[in-house]
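Subject: Structure handover and notes

Hello,

Here is the structure I promised to pass on. Please open it alongside this email.

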Amino acid sequence: PIVSVDATIYFTMMRFAPALAFARASTTARHGGAQMALRMMSAAAPGPKPASPEFSSGPCKKRPGYDVAALDSRTQGRSHRSKIGKERLALAIDESKRLLGVPDDYLLGIVPASDTGAYEMAMWNMLGARNIDICHWESFGKGWFGDAISHLKLRDSVEVNEITADYGEIPDLSKINPDNDVCFTFNGTTSGARVPEGCDFISDDRTGLTLCDATSACFAMDMPWDKLDVTTYSWQKVLGGEGAHGVLVLSPRAVERLESYVPENRPLPKIFRMTKKGKVDTAIFKGSTINTPSMLAVEDYIDALQWTDSVGGVPALIKMSQDNLGVIEKFVNENAWIDFLAKDPSIRSSTSVCLTMDLDAAQIKKFVALLEKEDVAYDIGGYRDAPPSIRIWCGSTVEKKDVEALMPWLKWAYEEVKA
């Protein structure tokens, strides 16, 4: 019987026991003694393996030193409407704004259904007031175009212009009409191509709104907030958080659209509703979420924000990501059989790094499987709609030393497949 352990500590331990068991088992498998030695080298090993083989593009690797047991457990089993629940949600919102440098007059809120939910909320509430330019060069941007014409049926009431390019490229963004609303993806997670630094293609004198899907860019790239009216992201990307929650950032111009435009004959599900009696529901942007969030996921996010602050803020995260990309750029320059899907360095993503090889689709599948079997790299297959390729996540939670350790293994796997 337990008699010397405080009851609160005991029940907290019980609550976290499954997660702790998983974390400890993972740590033992990856870092413990003989098991680690076996994993680090194989008979034909070209060198040490990455200490962390997690290179998935979402959900992404946890921050270095992450420990689920270190999360604040006070909100577990508590209502998100409780005093502590609202305080922690408000903290996540306030710290997000501070670290990202979001202007004081912008609103930031936590919303359902990851980045997808956040972006759909914006589309369903705001589009249709004027003509629209939709720019896409990868699968998710193409999805927003499809939703606009097939589900929202916006071509029944306004012009919807498609401005597009192939994977690895970006379209001619000078075609954007500043009087139109514009939808675009800041960083193409599935193509490895991002918009140019500064977003100068967006007019300072625009009358339309800009709706930016920045899910794999926020916290990894400079966000020119004066150019962005609606910005969405998910903390499961760059910060390595948990899935299911999105973040929505609104400029004063976006708020004005919400309060002045009501789409005709467009029913809005409850989780999409952002206004009450003709005014934006500001409670959403202070921590009163539309539906029930996972408070454990919120604590996980707060942990990632605290880590961001501790390493030097967003500028430090940007540098970490760019340094990781630099490792791959050097490797590509030294090996003729591999190349970037985005060949222009000025539009090359530093997070979702997409690479083509002198291999066909079946060979690439074997290449990916070999590296996973060796516990060298997990989940690096290219996106299903992309050209045959691999995709290596190089956000700041991935350590440079692991990217460096991965490079010889890419060559090893290529030679194994080609043999």
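Below are the notes on salt bridges, cysteines, backbone geometry, contacts across the chain and surface charge.

Please keep in mind that this is a predicted model.

**Salt bridges**

The count comes to 22 salt bridges. Three pairs and one network are worth a look.

Start with Glu374 and Lys49. They form a salt bridge, with the closest N and O atoms 3.1 Å apart. The partners are 325 residues apart, so to speak of distant parts of the chain is fair. Glu374 sits in the loop between helix H9 (361-373) and strand S14 (390-393). Lys49 sits in the loop between helix H2 (33-40) and helix H3 (83-100). Are these two residues buried or exposed? Both Glu374 and Lys49 are buried.

Next, Glu242 and Lys62. Their salt bridge has its closest N and O atoms 2.7 Å apart. This pair also links distant parts of the chain, 180 residues apart. Glu242 is in the loop between strand S8 (230-233) and strand S9 (245-250). Lys62 is in the loop between H2 and H3. Glu242 is partly exposed, at a relative accessible area of 37%.

The third pair is Asp229 and Arg206. Their side chains meet in a salt bridge at 3.2 Å, N to O. Asp229 lies in the loop between strand S7 (210-213) and S8, and Arg206 in the loop between strand S6 (193-194) and S7, so the bridge ties together parts that are 23 residues apart in sequence. Asp229 counts as buried, at 1% relative accessibility. Arg206 counts as buried too, at 11%.

Then the network. Asp72, Arg74, Arg88 and Glu299 are joined into one by salt bridges that share partners.

**Cysteines**

How many disulfides are there? The count comes to zero. Cys212 shows why. Its sulfur has its closest cysteine sulfur in Cys199, 6.5 Å away, which is too far for a bond. The cut-off for a disulfide is 2.5 Å between the sulfur atoms. Cys212 is buried, with a relative accessible area of 0%. Cys60 also counts as buried, at 8% relative accessibility.

**Backbone geometry**

Most residues other than glycine have a negative phi, and most peptide bonds are trans. Three places here go the other way.

- The peptide bond from Gly58 to Pro59 is cis, with omega near -10 degrees. Pro59 is in the loop between H2 and H3.
- Lys277 has a positive phi, near 55 degrees, and is not a glycine. Its place is the loop between S10 and strand S11 (279-280). Lys277 is exposed, with a relative accessible area of 90%.
- Asp375 has a positive phi of about 60 degrees, again without being a glycine. Asp375 lies in the loop between H9 and S14. Its relative accessible area is 26%, which makes Asp375 partly exposed.

**Contacts across the chain**

Two pairs are worth checking on screen.

Pro64 and Ser396 are 332 residues apart in sequence. In space, their C-alpha atoms are 9.4 Å apart. Pro64 is in the loop between H2 and H3. At 24% relative accessibility, Pro64 counts as partly exposed.

Gly109 and Gly246 are 137 residues apart along the chain. Their C-alpha atoms are separated by 8.4 Å. Gly109 is in strand S1 (residues 107-112). Gly109 is buried, with a relative accessible area of 0%.

**Surface charge**

Which residues form a positive surface patch? They are Arg81, Lys86, Lys270 and Arg273. Arg273 is in the loop between helix H6 (252-260) and strand S10 (275-276). Arg273 is partly exposed, at a relative accessible area of 47%.

**Where to look**

The loop between H2 and H3 comes up under several headings. Lys49 is there, bridged to Glu374. Lys62 is there, bridged to Glu242. Pro59, after the cis bond from Gly58, is found there. Pro64 is there as well.

Best wishes

Methods. Residues numbered from 1 in each chain as written. Predicted model: local features only at pLDDT ≥ 70, side-chain atom pairs only at ≥ 80, totals over all residues. Heavy atoms only, no water. Patch = residues over 30% accessible without salt bridge, like charges linked within 9 Å, V, L, I, M, F, W, Y side chains within 5 Å. Areas by Shrake-Rupley, 256 points an atom, 1.4 Å probe, with all protein chains shown as cover. Salt bridge = Lys/Arg side-chain N within 4 Å of Asp/Glu carboxyl O. Lys, Arg positive; Asp, Glu negative; His and termini not counted. Charge placed at Lys NZ, Arg CZ, Asp CG, Glu CD. Helix = DSSP H or I, 4+ residues; strand = E, 2+ residues; numbered from the N terminus. Buried < 20%, exposed > 50% of the residue type's maximum accessible area, 1.4 Å probe, protein only.
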